[in-house]
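Open the model in your viewer and keep the sequence panel beside it. The stops below go from the ligand outward to the backbone.

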Amino acid sequence: MADRAERPPRKSPKVHEAKVVRTERLTPHMVRVVLGGEGLAAFELAGFTDHYVKLIFPPQGVTYPEPFDMDRIREELPRDQWPANRTYTVRSWDAAHRELTIDFVVHGDEGLAGPWAALARVGDTMRLLGPGGGYAPAPEADWHLLAGDESALPAIAAAMERMPAGAVVHAFVEVAGPDDEQKTATPDGTEITWLHRGERPVGEALVEAVTALDFPEGRVCAFVHGEAACVRELRRLLRMERQVPKDQLSISGYWRLGQTDEAWRAVKREWNEQVEREQEGAA
Ligand SMILES: Cc1cc2nc3c(=O)[nH]c(=O)nc-3n(C[C@H](O)[C@H](O)[C@H](O)COP(=O)(O)OP(=O)(O)OC[C@H]3O[C@@H](n4cnc5c(N)ncnc54)[C@H](O)[C@@H]3O)c2cc1C
């Protein structure tokens with residue numbers, strides 16, 4: 001084995017530099033941004049329906065030397081000038097036209113990514129890392145459970161489109177209200193069950209709907225993502241009450257109410273470990 005000192009330094013992953021090609025207000029709380037350009041020439045997907053990218057946001061007023069080089073930024077600039085990043089699902093990727101579509105929840109003036117998307121203009125630059133990903137509907141499953149809030153809607157919609165013929169699908173998405181519903185269905189025409197949050201706390205209607213579901217017989221393949229406390233409750237339901245094996249679950253908190261993404265990521269591992277401790281003993 002090579003001595004530690006002889007190993008080459010760890011390199012940051014390749015950054016793609018894209019431009020905004022067009023934008024569209026899909027619903028009151030969701031904006032679609034299509035990114036494109038030569039900078040996506042090396043972008044490739046691996047076949048998952050929850051592929052995601054990390055969008056790079058420099059702090060206001062900070063510009064970086066060209067070409068953009070994350071290793072150089074880390075070496076030469078103080079930490080408060082390093083960029084922030086936000087994780088977003090690849091809603092679709094059109095390789096022939098090099099167009100990467102991302103759907104952003106617009107959740108007010110707070111944050112980086114939501115406000116950026118709301119104001120994005122054709123020609124704006126966005127650098128991104130990735131893609132990562134790990135879930136696609138398992139063809140051998142007896143039925144599929146898809147559940148999330150609007151942050152998981154892009155991945156749920158992509159999964160719906162990719163369902164095998166004849167698949168039994170129960171899909172639940174919680175959105176603010178009726179105007180936030182989107183047209184999306186499986187190839188066989190199964191539609192999402194829309195849950196309207198209204199004035200209720202985020203996730204409450206979703207937990208209620210999944211709890212009330214009469215689970216079909218057989219092996220489920222589940223994709224459950226959204227606000228972290230809601231996901232924790234759904235995980236408890238699936239693992240402890242419904243005894244769904246872990247390897248049939250794609251489940252995680254995509255965001256945490258009242259916390260920026262940095263704050264959420266700082267505690268996410270500990271949060272997940274505690275959830276495991278609480279829920280796995282009894283599963
Ligand atoms: C794998 C993965 C895929 C994801 N895919 C998508 C996607 O396709 N589309 C998408 O919109 N989001 C997606 N998310 C969630 C997104 O990364 C977070 O919502 C992120 O915090 C948004 O960043 P921001 O800069 O807008 O707000 P932040 O600066 O992170 O947070 C500012 C404030 O806004 C609140 N907030 C953050 N997100 C939401 C929300 N969705 N609704 C209400 N309040 C919110 C925070 O609690 C905080 O109080 C994904 C997350 C992961 C991990």
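Strands and helices are named here from DSSP runs, with strands of at least two residues and helices of at least four, numbered from the N terminus. The model itself is predicted.

**Stop 1: the ligand**

Select the ligand and show its surroundings. Which pocket does the ligand take up? The space it fills is the largest pocket. Now add the residues around the ligand: there are 24, and those that come nearest are R86, T87, V105, H107 and L112. Colour this shell by class to see ten nonpolar, nine polar and five charged residues.

**Stop 2: polar contacts of the ligand**

Select T89 with its side chain shown. An N or O atom of that side chain is 2.8 Å from a nitrogen atom of the ligand. Next, switch on the backbone of L112 and A113. At L112, a backbone N or O atom lies 2.7 Å from an oxygen atom of the ligand. At A113, a backbone N or O atom is 2.8 Å from an oxygen atom of the ligand. With a surface shown, note that the ligand taken alone exposes 910 Å², of which the protein buries 91%.

**Stop 3: where the shell comes from**

Select β4 (84–89), β6 (99–105), α2 (113–119) and β12 (249–255), each of which supplies at least two residues of the shell around the ligand. Which of these gives the largest share of the shell? That is β4, with four residues.

Then colour residues 8–132 as domain 1 and 143–282 as domain 2. Why does the ligand lie between the two domains? Both give residues to the shell around the ligand, so it lies between them.

**Stop 4: backbone details**

Go to P67, in the loop between β3 (52–57) and α1 (70–76). The peptide bond leading from E66 to P67 is cis, with omega near -10 degrees.

Move on to P131, which is found in strand β7 (residues 125–132). G130 and P131 are joined by a cis peptide bond, and its omega is about 10 degrees.

Finish at R98, in the loop between β5 (92–94) and β6. R98 is a residue other than glycine with a positive phi, near 50 degrees.

Technical notes
Residues numbered from 1 in each chain as written. Predicted model: local features only at pLDDT ≥ 70, side-chain atom pairs only at ≥ 80, totals over all residues. Heavy atoms only, no water. Near = heavy atom within 4 Å. Polar contact = N/O pair within 3.5 Å; in protein donor to acceptor, adjacent residues only side chain to side chain. Areas by Shrake-Rupley, 256 points an atom, 1.4 Å probe, with all protein chains shown as cover. 1 Å grid on protein atoms, 1.4 Å probe; cavity = no way out; pocket = protein on both sides within 12 Å on 5 of 7 lines; lining within 4 Å. Sits in = over half its atoms within 2 Å of the grid points. Nonpolar A, V, L, I, M, F, W, Y, C, P; charged D, E, K, R; others polar. Domains from an automatic or database assignment.
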